[in-house]
Amino acid sequence: MDQRTRAPSAPLDENDDRTGLSKEALKRAFIDNLFYMQGKFPALATRTDYYLALAYVVRDRLLQRWISTAAAYTRDGARTVAYLSAEFLTGPHLGNNLINLGIHARVKQAVTELGLDFDELLNEEEEPGLGNGGLGRLAACFLDSMATLEIPSLGYGIRYEFGIFYQEIQDGWQVEKTDKWLRYGNPWEVVRPEWAVEVKLGGRTERFHDAHGRLRVRWVPDRVVSGIPYDTPILGYRTNTANTLRLWRAEAPESFDFAQFNRGDYYGAVNRKIVSENITKVLYPNDEPLQGKELRLEQQYFFVSCSLQDMLRIMRTQRLPLERFHEKFAVQLNDTHPAVAIAELMRLLVDEHAMPWEAAWDITRRTFSYTNHTLLPEALERWPLGLFGRVLPRHLEIVYEINARFLDEARLRFFGDDARIARLSLIDETGERHVRMANLACVGSHAINGVAALHSELLRQDVLADFHALWPQKFSNKTNGVTPRRWVVLGNPRLSSLICDAIGDGWIKDLAQLRRLEPLADDAAFRASWREIRLDNKRELAAYMRRRTGVATDPSSMFDVQVKRIHEYKRQHLNILHVIALYVRLRSTPSIAMPPRTFVFGGKAAPGYRIAKLIIKLINAVGATINRDPAVRDLIKVVFLPNFTVSNGQRIYPAADLSEQISTAGKEASGTGNMKFTMNGALTIGTLDGANIEIRDAVGEDNFFTFGLSTPEVAAARAHGYHPQRVLEEDAELREVFGLISSGFFAHGDATLFRPLLENLLEHDPYLVLADFRAYSDCQWRVGEAYGDPDRWTRMSILNCARSGPFSSDRTIREYCDEIWQVTPRPVRLLTRDEVRAGILQ
């Protein structure tokens, strides 16, 4: 049974060229779009032309649902979730929309009958790199779930002209290339210039008395930029609901100064346009120099100001009074990046709409809720006071006022506790003064949540302990989840079909139904089918990796995979140290019996993160040595797959045997890659960190490989004085590994290349890599023993998938709706053409 073929409620005419879902209607629409949208005939058409023609066929089918959804929300004034996020890592749209429309197989057949390769057209789509990793991908999963659950919602973010960089590997080093995702246009978006807004920056403030004698504040900016909304429909699975992702692009109000041009100042004539458009030019500019910090603050303010002004426009359109703003919108802050929205809403209400401070503050606090995504102190954003005041002078005044009123309240609660008051303050007074954005988010929100049980507990006990002491009722946990539509149905069609044949397709919208697979773990025929599907997935990934890297791998070997952002706390260097140890064992004792293993790495390092980039170099250097060594290359291989993206994730997760989730305990907020691997039947080797704990509890300790120090043990090790050099002295194998690296064995004899990495580990080891090495190495041996028993491993794989139900983003969104947002589903009925025509004629 192909679960990808059943459509939601169909339009009245299956053969309509705009909305029809029959195969013939799809073929006619495709040819029409090639002619009338692309202006091409087959002899001149490129593969990109064919992709765009197909994308417009699908977009037309989305538009009927999108317009019907907007009409329903406008008519009802439905309470709406506004999800503010600096990142939305959506992945390619075409395949996912075909799945959610229920026409994947039908479109594939239509395209094939026209003599084209369907998979080639899918691969032609430029992937929007509008995120750095888990934060942006989580936001995209949430949009998918909100549409599937028929929750009225809007995603608000930035339309970066250039997204996260394209990663190439040259001589083992990461090289960043420009991500030109818009070079052929974006068929999924609709620009809405009629809804443009103005955003002020810089300047000064002035006090004045209005016509009623009230003291008011006027912001006189240095410059003004226009925010132009670009809308993308986000369709739910087997529903008529298509919500909106609205991304903002910065433009100059006047892009060309004719007078300056006539005076011969050709640069000055376009300078304003260039400066304005820089705001949305690139995702996360390097913020080490002051100019980079300023641009990043401008980005964050720009998109929240645009978004809040847009919400006020929606209020006017639906004729709702401003005093009901918090009833109309539940605004979620996805980490601290959009936290300046709290000060901006106060500015709009108090300065622009003359609302009294107390009433505005009540609306603001009842509007916002805040999700914290980090336990790393350096990731809790702070802005130098001078910079903040220069870019947002009025907002600094508002922050001061919020802080003064808040601290008066806090002093009454914590009488005489000056140290706590200093920690609670929105202004960090130690050294150079800073605005603390996490503190602003806590004070200005009615709800605060972490994203895994351990993470939320650590927020209460440590990172946000003072706020929890003040407002314990604000805090809750909402463990992250991922959408099974993209990560299983689209990414792993063979496994999806096997599951549907066994238990039906209800699991796609209710992942808890996967529990019905559990008895089949003891069915030999089902296990055999499961193994064969996984082997087919591994064959496909092996072929792809060879095309990309030139490294040939054995699909029957264990695929041991760690793909995620490269960071010291995620400990890719722990993984590669174990690979080297295994290599040393095999060279020293060739008779060791072990199943062949392919170590797959992937992920991007921040361009300025020197140690992370050196880790990538070490992985590639070790791989280059091992892969050409005839003594071991049939037993172990190392592959670094460049440019890890959503598309690559769809190839990797279904083919992985072992999922590496080995961060230092207490450092990973949740993780979502761990969930994608589990849903696809991979087993996990992991620390008791983030959502690993909940995954282990769900799948069972016997089906999860646990190692390493726990969070309390990590804290105790540091408190008692952790000495990594002593660990090295006591572990002969680890000493041999370090000796091999420091000798230049993996660097063509250059003994200095990896010295900074080794010295960092020996002198500091901030993430306790050496402390966990022995436990990790021993656990990996147990992994190999389990993989050597195919029936046992397959049974564990099936149970991991069967028990992954709690990690659907649908479950997470239901919890947000019930416990924080207070938003209920709003089913949508498709509008007919007659209804649309009648509306136009009214």
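Student: How many of the eight residues of helix H26 (residues 692–699) are buried?

Tutor: This is a predicted model, and in it helix H26 is largely enclosed by the rest of the structure. A residue is called buried when its relative accessible area is under 20%. The residues of H26 that meet this are Asn 692, Glu 694, Ile 695, Arg 696, Ala 698 and Val 699. The number of buried residues is therefore six.

Student: Which residue follows H26, and what is the sign of its phi?

Tutor: H26 covers residues 692–699. The residue that follows is Gly 700, with a phi near 100°, so the sign is positive.

Student: What is the average pLDDT of the protein, and which stretch is below 50?

Tutor: The average pLDDT is 94, and 96% of the residues score at least 70. One stretch has a pLDDT below 50, although it has 27 contacts in the model beyond near neighbours in sequence. Where pLDDT is low, the predicted coordinates should not be read in detail. The stretch is residues 5–12.

Student: Is Gly 739 buried, partly exposed or exposed?

Tutor: Gly 739 is found in helix H29 (residues 732–742). Its relative accessible area is 32%. Buried means under 20% and exposed means over 50%, so a value in between has its own class. Gly 739 is partly exposed.

Student: How far apart in space are Gly 739 and Gln 109?

Tutor: Along the sequence, Gly 739 and Gln 109 are separated by 630 residues. In space, from C-alpha to C-alpha, the distance is 58 Å.

Student: Which residues form the covered face of strand E6 (residues 197–201)?

Tutor: In a regular strand the side chains alternate between the two faces of the sheet. In E6, the uncovered face holds Glu 198 and Lys 200. The covered face holds Val 197, Val 199 and Leu 201.

Student: Which residue of E9 is the bridge partner of Val 197?

Tutor: E6 runs antiparallel to strand E9 (residues 223–235), and five bridges join the two. Val 197 lies on the covered face of E6. Its bridge partner in E9 is Gly 227.

Student: Which are the edge strands of the open sheet made of E13, E15 and E14?

Tutor: The order in this sheet is E13-E15-E14, with antiparallel pairing. E13 and strand E15 (residues 434–436) are paired over three bridges, and Arg 382 has Arg 436 of E15 as its bridge partner. An edge strand pairs on one side only; here these are E13 (382–384) and E14 (427–428).

Student: Which element gives the most residues to the lining of the largest cavity?

Tutor: The structure holds six cavities of 30 Å³ or more, and the largest has about 150 Å³ of space. It is lined by 13 residues, with Thr 90, His 93, Asn 96, Ile 234 and Arg 486 closest to its centre. Helix H3 (94–101), helix H6 (134–148) and E9 each give two or more residues to this lining. With four residues, the element that gives the most is H6.

Student: How many residues in the lining of the second largest cavity are nonpolar?

Tutor: The second largest cavity has a volume of about 120 Å³. Of its 14 lining residues, Tyr 51, Glu 125, Glu 126, Gly 185 and Pro 187 lie nearest the centre. By class, four of the lining residues are polar and three are charged, and the number of nonpolar ones is seven.

Technical notes
Residues are numbered from 1 along each chain as its sequence is written. This is a predicted model: local features need pLDDT of at least 70, side-chain atom pairs count only at pLDDT 80 or more; totals for chains, interfaces and linings use all residues. Side-chain values use heavy atoms; hydrogens and water are left out. pLDDT is the predictor's confidence in each residue, from 0 to 100. Contact means heavy atoms within 4.5 Å. Buried means under 20% relative accessible area, exposed over 50%, partly exposed in between (1.4 Å probe, protein chains only). Two strands pair if DSSP finds at least two bridges between them. On a 1 Å grid over the protein atoms alone, a cavity is a set of points where a 1.4 Å probe fits but cannot get out, and a pocket is an open set with protein on both sides within 12 Å along at least five of seven lines; lining residues have an atom within 4 Å of a point. Grid points are joined across faces, edges and corners, and a volume is the space filled by probe spheres set on the points. Ala, Val, Leu, Ile, Met, Phe, Trp, Tyr, Cys and Pro count as nonpolar, Asp, Glu, Lys and Arg as charged, and the others, Gly among them, as polar.
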